[in-house]
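Thank you for having me at the group meeting today. Please have a look at the structure with me before I begin, and keep it in view while I talk.

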Amino acid sequence: MCGIFGYIGKREDAATIVFEGIKTLEYRGYDSWGVGCVPLTKSDTLILKKRVGKIGNEDVKDLPKSTLAFGHTRWATHGGVTEKNTHPHLDCTGTIAIIHNGIIENYDTLKKQVSGTHTFVSETDSEVATHMIEVASSAHPFIEAVRSTFLQFEGSNAIIAISQKEHMMVAARNGSPLVVGFGDHEQFIASDASGLLPYTKRIYFLEDNEMAVLTDDAIIILDAVTGKEKHITPTILTWSVTAANKNGFSTFMEKEIHEQPIVLEQCLHRSDIQSIAEAIKNARGAYLIGCGTAYYACLAGTYLFSTIAQRHINACVASEFTYQEEFINNASLVLALSQSGETMDLIDAVKRAKKHDASIASIVNVQGSTLWRLSNLPIPCMAGPEIGVASTKDMTTKIAILLMTAYDIAGHTKEGKQVMKQVLASVKNIFEKDSLNTIHAVANHFKTSTNLFVVGRGTSYPAALETALKIKEISYIHAEGLAAGELKHGAIALIEKGTPCIVFLPHDETYSANLAAAMEMKARGGYIIGISPQQQEAFDAFIEVKDAGTGTIIPNIIVGQLLAYDVTIAKNLDPDKPRNLAKSVTVK
Ligand code: AGP
């Protein structure tokens, strides 16, 4: 959702640093943006630049030299997409400015307390914060003014305020993510760690109800409730700077898809599989939860655990987990899957499970994130930064981890590694030139379609759901993923001449029944795209995926990602920034 980036320190191009910072957060989704800075030259007020729409070719060369600045990409909630509603928001004196993520649920009540004497220029909930800080700072130091204001907010929020007079930036969070970066005589703050990589790897994720005070030379962390200083240990990011670049690819999504052979290979050398296996074995009732693509990884996990380890694990969409929580107790294990570790529905579900004393294990890509910190057993996904809105390498890595865990539980760790080697061979084959060309041609074939179906059984069912999600979220083609057996219970009514129907047909126990589904769709005029180790008469188009035993879901999903990517490019759309979507969904 909204993105935040702030800088204070020795450099005089703070506005440009911040502008470049918010550009790295563009993938989170936004509809307007703004930068505010304290000018080095004498000025009575902070200087702001705000624009509606995407950053595109804009710059901030017109902003003055500065050593203190912050910027924001806004995703409109309260108030339309206008310049007035864009952050930063100034107080009446023009010397205090704020940017805000989240929703101040009681803003109406708070606004009534200050509106008589203060002029509001926007329709946002956020603006009330700047006037409240203005009132409080007439009697208290700036830090205290921000703290007392923040403590009156209801809802999930992250706020950063700048004081021109006291030359500092003060931040507080409850719910919405914030991470600070420690530099050499310069300090940073952002809503996401990847934007900090070019400057520092020493970071700290603020906990709920923590504040950060950023000055030229230091960052002090405070408990927002007591106002007392807290001693924290920064985390050192292991990601490389280039990992957050496009590295010669035209989009982040393309790069991230192509990184999968390497990232998956690294899974073979993991030493933490046993700890997840032990946690599952020791639990009485285990639940896999996640949202969107991460949920489909959970669903894949249920098949893998049941067939490989003969263990039943429940999978549940995190936002629905609340309605099943009566079954959770101190012997339960909740295994939460997430790329960002900040998805609000998931964080909420985990917090509720903790109230029932459940143990929380997680597989999370962003180390140090909220989910990471809430977990008794956080396992790093280690897929490297994933910037494209569509989740790709994070998901396949998670499935690889679950696959190897299932083998470990079954006492067949070596066999698990053998299967992973088959997976790698099959995945490498997909990235051969001929295979990529075939996928490209198939995607081109359905670029004008408005409707398509993806079917599979067993682990090919979550692969079908995931492929459909990938296609719809970036190419805007309506795609429905379903269990092949469900076709005849309704969806087949929609198949007509030429409807693209993607069928996953691996050589496993689902083969005959899946083939029957392909024939049923073909009989209704469907254009059958078979993803399988071998050609079939029923196929109008064929993409070869070599079998990888129980791990075939991984190469199958990668073909689904490539189809979605290629059709999106063929339609001249930007896969990294699909409309209406954010990389990390930090609101409910
Ligand atoms: C995936 O392509 C989506 N953009 C989305 O479904 C995503 O997987 C979901 O929002 C969960 O995010 P998380 O993994 O960061 O928790």
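I will go through two helix contacts, then the ligand, and then two points about the backbone.

Please keep in mind throughout that this is a predicted model.

Let me begin with helix α17, which covers residues 553-570, and with helix α14, which covers residues 433-445; their axes come within 8 Å and cross at roughly 55°. An angle of that size is neither under 35 degrees nor in the range from 65 to 115, and therefore α14 and α17 are described as oblique to each other. The crossing of these two helices, α14 and α17, is right-handed. If you would like to find the contact on your screen, look in α14 for Leu-436, Ile-439, His-440, Val-442, Ala-443 and Asn-444, which meet Val-559, Leu-562, Leu-563, Asp-566, Val-567 and Ala-570 in α17. Sorted by class, the contact of α14 with α17 has nine nonpolar residues, two polar ones and one charged one.

Now, how does helix α13 lie against α17? Helix α13 is made of residues 413-430, and its axis comes within 9 Å of that of α17, with a crossing of roughly 20°. Because angles under 35 degrees count as roughly parallel, α13 is roughly parallel to α17. This crossing of α13 and α17 is right-handed. On the α13 side the contact involves Val-423, Ser-426, Val-427 and Ile-430, while α17 brings Ile-554, Pro-555, Ile-558, Val-559 and Leu-562. Here, in the contact of α13 with α17, eight residues are nonpolar, one is polar and none is charged.

Let me turn to the ligand, which is surrounded by 13 residues, the closest being Ser-338, Gln-339, Ser-340, Thr-343 and Glu-473. A polar side-chain atom of Glu-473 lies 2.4 Å from an oxygen atom of the ligand. The backbone takes part as well, since a backbone N or O atom of Gln-339 lies 2.7 Å from a ligand oxygen, and a polar backbone atom of Ser-391 is 2.8 Å from an oxygen atom of the ligand.

Finally, the backbone. Most residues other than glycine have a negative phi, and most peptide bonds are trans. With that in mind, please look at the peptide bond from His-87 to Pro-88, which is cis, with omega near 5°; Pro-88 belongs to the loop between β4 and β5. Then look at Tyr-476, which is not a glycine and yet has a positive phi of about 65°, and which sits in the loop between α15 and β22.

Conventions:
Residues numbered from 1 in each chain as written. Predicted model: local features only at pLDDT ≥ 70, side-chain atom pairs only at ≥ 80, totals over all residues. Heavy atoms only, no water. Axes fitted to C-alpha atoms, helices over the stretch in contact; angles between N-to-C directions. Helix = DSSP H or I, 4+ residues; strand = E, 2+ residues; numbered from the N terminus. Parallel < 35°, antiparallel > 145°, perpendicular 65-115°, else oblique. Left-handed = near helix turned anticlockwise from the far one by under 90°. Contact = heavy atoms within 4.5 Å. Nonpolar A, V, L, I, M, F, W, Y, C, P; charged D, E, K, R; others polar. Near = heavy atom within 4 Å. Polar contact = N/O pair within 3.5 Å; in protein donor to acceptor, adjacent residues only side chain to side chain.
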